[in-house]
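Q: Please take a close look at a single part of this structure and describe it in one connected answer, with the cut-offs behind each term.

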Amino acid sequence: MRSQPAPDRRVWRNWAGTATATPAQWSRPRSEAEISAAVKAAAAAGLTVRALGSGHSFTAAAATSGVALDLSGWTGVTAADTGTGLVTARSGTTLRALNAELTGLGLAMANLGDIDVQTLAGALSTGTHGTGARLGGLATQVEALELVLADGSVTTCSASSRPELFSAARVGLGALGVISTVTLRCVPSFTLLADERPVPVDEVLEQFDELAAANDHFEFYWFPYGRQALVKRNNRLAGRDRAPGTRIPPALPAWRRFWEFEVMENAGFGALCRLGRARPRLIPALNRFSSAVLSARTYTDASYRVFVTPRRVRFAESEYAVPRESLGHVIAELRRAVPRLADPVMFPVEVRVAAADDIWLSTGYGRESAYVAIHQYTGLPYQAYFDRFEAIVAEVAGRPHWGKLHSLDAGRLRSLYPRFDDFRRVRAEVDPEGRFGNAYLARVLGSHDL
Ligand SMILES: Cc1cc2nc3c(=O)[nH]c(=O)nc-3n(C[C@H](O)[C@H](O)[C@H](O)COP(=O)(O)OP(=O)(O)OC[C@H]3O[C@@H](n4cnc5c(N)ncnc54)[C@H](O)[C@@H]3O)c2cc1C
């Protein structure tokens with residue numbers, strides 16, 4: 001008698017350890033036909049389906065008790081036109097692998113977030129963004145998407161073909177189908193001139209609009225007990241900067257990259273965090289110390305090597321997009337709130353900017369945004385801090401990053417997104433039975449029936 005294979009009861013866990021799930025089944029398709037077959041098989045078995053990215057969302061966006069679709073075997077660039085910059089890649093391609101392929105083609109993504117381990121579709125689906133007042137999130141770089149829908153059929157959407165599906169699916173939360181391929185509009189490879197230096201946070205806030213307007217990619221980090229912010233200005237190196245006699249700082253040598261990014265920002269900061277977790281009373285002092293030792297550096301490098309840095313110290317995070325003009329209020333309130341918290345905060349606050357866009361569930365929909373991200377070291381209490389933060393950003397109609405911790409539900413989110421019900425309508429059309437549902441979507445999009 002042949003024995004039945006043991007059911008695969010592997011546990012899925014996200015990077016931050018803030019979400020786990022035990023899928024009923026795992027599937028690792030290697031072609032679009034296999035993705036389609038997996039969706040049809042799930043329907044036949046009465047199971048839901050979730051595509052997995054790299055597990056870097058802090059929310060349980062990818063969690064499923066149905067079929068977990070591991071797309072790590074569905075990667076690589078399938079088409080590229082170096083003239084137009086249009087590049088099509090399979091959805092499970094990591095941003096790191098994509099950057100490497102684009103570099104070989106003399107192309108680059110116009111903007112990126114802080115890390116590159118996400119999959120392309122995973123990053124898009126939660127509205128991942130970088131910083132830059134004239135640029136939107138990653139989804140604004142998408143020209144077309146190919147999706148496997150709930151009935152297993154394959155469809156393409158773009159601004160001219162199924163435009164409503166396109167408006168919904170670029171930041172689709174995995175709710176509309178499995179993204180199979182993504183066509184991006186890339187730009188010629190470019191070099192960034194990075195300038196990072198400590199500046200008093202009051203000064204940064206006073207000059208915030210000018211800093212955002214004057215730099216291609218502007219952001220700052222601020223340790224909430226310190227007075228200094230670390231301001232990062234990344235600007236495209238233009239022809240005029242290369243004029244004879246202009247001093248252009250070189251790329252950081254390998255030893256310095258290793259020392260600053262790995263030793264200081266990861267190993268050293270990780271050691272401070274562990275000390276703080278063991279002795280929480282020391283945290284405000286450690287925080288002030290981290291703030292005081294911030295130092296300046298300027299260098300040039302390929303864009304993706306400037307945008308992205310390794311993040312090895314684990315943490316929990318919440319991030320909200322707020323109307324740009326509300327930033328001063330949010331930071332002032334946070335400054336008042338943090339010293340009153342019972343549990344001190346070990347990690348800095350990160351502030352970025354983005355242009356308005358027209359993607360229905362993009363945090364940047366219809367308004368210029370400032371992004372405020374708060375973090376706490378893994379294993380330290382964060383709930384009271386995150387709750388207080390949510391109360392502050394609620395006053396200014398803050399919209400939560402879909403991949404970062406928040407407590408909002410469909411009732412509140414509907415009031416924040418003018419096209420929320422259009423998204424739900426498109427979802428009901430393409431996935432009438434909720435094949436791609438999970439508990440997170442039930443909370444943020446509401447019950448499947450309209
Ligand atoms: C250390 C760290 C740094 C970060 N930095 C930034 C940053 O700078 N900017 C920023 O905005 N965010 C940032 N994030 C958040 C992160 O970019 C998002 O949460 C992103 O969604 C994670 O991508 P992932 O590949 O891990 O996807 P997952 O978290 O695995 O999945 C995210 C969602 O995408 C869906 N999905 C995945 N693949 C598909 C597919 N093929 N079709 C349909 N749906 C799919 C999943 O079902 C899920 O709903 C960071 C997170 C961490 C942990």
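A: Because Glu260 and Arg256 are four residues apart in helix α7, about one helical turn separates them, and their side chains meet in a salt bridge with an N to O distance of 2.5 Å. A salt bridge here is a side-chain nitrogen of Lys or Arg within 4 Å of a carboxyl oxygen of Asp or Glu, while helices (H or I, at least four residues) and strands (E, at least two) are DSSP runs numbered from the N terminus. The model is a predicted one, in which local features need pLDDT of at least 70 and side-chain atom pairs count only at pLDDT 80 or more, whereas totals for chains, interfaces and linings use all residues. Residues are numbered from 1 along each chain as its sequence is written, and side-chain values use heavy atoms, with hydrogens and water left out.

Within this pair, Glu260 is buried at a relative accessible area of 15%, whereas Arg256 is partly exposed at 23%; buried means under 20% relative accessible area, exposed over 50%, and partly exposed in between, computed with a 1.4 Å probe on protein chains only.

Helix α7 also takes part in a salt bridge between Glu265 and Arg297, whose closest N and O atoms are 2.8 Å apart. Since Arg297 lies in strand β16 (residues 297-302) and Glu265 in helix α7, this pair ties together parts that are 32 residues apart in sequence. Arg297 counts as buried, with 9% relative accessibility, while Glu265 is partly exposed, with a relative accessible area of 35%.

Helix α7 (254-278) has a further role in the packing of helix α8, for the buried residues of α8 pack against α7 and against β15 (228-236), contact meaning heavy atoms within 4.5 Å. In α8 (residues 283-292), the buried residues are Ile283, Pro284, Leu286, Asn287, Ser290 and Ser291. They cover an arc of only 160° around the axis, and therefore lie on the same side of α8; the arc is that of the directions from the helix axis to the C-beta atoms.

As for the wider setting of these charged pairs, the count comes to 26 salt bridges by the rule given above. One of the salt bridges joins the side chains of Arg414 and Asp421 at 2.8 Å, N to O, with Arg414 partly exposed at 40% relative accessibility and Asp421 partly exposed at 35%. Salt bridges that share partners also link Asp114, Arg311, Glu317, Glu319, Glu350, Arg352 and Lys404 into one network.
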